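User: I am new to this structure and would like a friendly guide to it. Please take a close look at a single part, after a short overview to set the scene.

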Amino acid sequence: MEVFLPILLFIVGIVLIVKGGDFFVDAASWIAKVSGIPQLIIGATIVSIATTLPELLVSVMAAVQGKVDMATGNAVGSVTANVGLIMAISLFCMPTAVKRRDFFTKSILLMLSSALISICGFVGKVNIILSVLLLIVFVVFMIDNVLTAKKSMITSSEEVIETLAETDMTEIREDATSNEVEVQDITAKVTNKLPKKEIVLNIIKFVAGAAAIVYGADMLVDNGSILASMMGISERIISVTLIAIGTSLPELVTTITAVAKRQSSLSVGNVIGANIIDLTLIMPLCSIISGQALPIVKQAAFIDLPVSLLVCMIALVPMLCSSKFKRWQGIALMVVYVAFLIVTCTVVIV
């Protein structure tokens, strides 16, 4: 009976994080949109960061409470779960051909950030130099997101103009090629007429979503620690398994939805972006908040970090060579992830 309450609160924490994340992302996107921020900036920055808030807050709260094993374990464990489990499902269910240029930069950034984290394991800590390098990768990722979104918007506009050029709709064609500022002015006029009910609803979703994520993350960390103590296992094992998978549920839901809609590239792109943020933003922030270099235990240095780099390479290197995600990659990722869970729960490195 003593174990029941921590398990229940742990599950409640996961539910709060997942649903709170949904509310927060929706409301943040709406607020940014009606405030006049271009849609491409919203998608490339705000939503990208907001979808990784569960992992971010769980690790930050663990760092604040001095539970550094849980902080690093959740960040790295989420990457391993995202690729070894979630991306594996996508590749196994729906292998697909891709445009290499669409994935090249992000793939390189993910492998680079994973390699930097592995170096942190070799050094034994996330020090200031490695933190700065990771944050530089994060900034480059954000810039690439914006440039990619902008390029996509320009391409879409050109396609619309070409389509209109084939018709006799001169007036519409002129409107389509008009100054972007005019379009934003029109959007602003429309948004000024938003119903008060919609405004209030989104503000409530924003506040409630943020509160749910924070409270859920706190419950996850506290009860994860209690469960680890009750079961006689380390907080690191809880963090790289239950907590990592729990905080990765938004990506899992996105993947299942994308597979159902036969949009594998969307699923893979979401996972890659989330992983880059997990590695390049969470670890440095935890180091800064803890006020010192973030120590990495041998168990994580010799198991968690190398496996994280390995699954990233299995998922991305063959794709960069062949411009295809193949089913065998999904199978290989699942095998590696299952082996990782078994080794994590059974092998102790002193």
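Analyst:
**A buried acidic residue and its setting**

The protein has 14 helices and four strands (DSSP runs, H or I of at least four residues for helices, E of at least two for strands, numbered from the N terminus). This is a predicted model, in which local features need pLDDT of at least 70 and side-chain atom pairs count only at pLDDT 80 or more, while totals for chains, interfaces and linings use all residues. Residues are numbered from 1 along each chain as its sequence is written, and side-chain values use heavy atoms, without hydrogens and water.

Of the 350 residues in the protein, 45% are buried (under 20% relative accessible area; exposed is over 50%, partly exposed in between, with a 1.4 Å probe and protein chains only). Among contacts (heavy atoms within 4.5 Å) with a separation of 6 or more, 84% join residues 24 or more positions apart.

Now for the close look, at E55 in helix α3, which spans residues 53-64. E55 is buried, yet it has no salt bridge (a side-chain nitrogen of Lys or Arg within 4 Å of a carboxyl oxygen of Asp or Glu). The nearest side chain of opposite charge belongs to K19, and it is 16 Å away (Lys and Arg count as positive, Asp and Glu as negative; His and the chain ends are not counted). What does E55 touch instead? Leaving out residues up to four places away in sequence, E55 meets N74, S78, N82, T247, S248, E251, D278 and I282.

Helix α4, residues 68-93, also holds D69. D69 is partly exposed, with a relative accessible area of 26%. Beyond its neighbours within four places in sequence, D69 is in contact with R236, S239 and V297. R236 is 167 residues from D69 along the chain, but their C-alpha atoms are separated by just 5.2 Å.

A word on confidence: the mean pLDDT (the predictor's confidence in each residue, from 0 to 100) is 79, and 78% of the residues reach 70 or more. In residues 180-191 the pLDDT falls below 50, and this stretch has four contacts in the model beyond near neighbours in sequence. Where pLDDT is low, the predicted coordinates should not be read in detail.

To return to the main point, E55 is buried without a salt bridge, and the residues it touches include N74 and D278.
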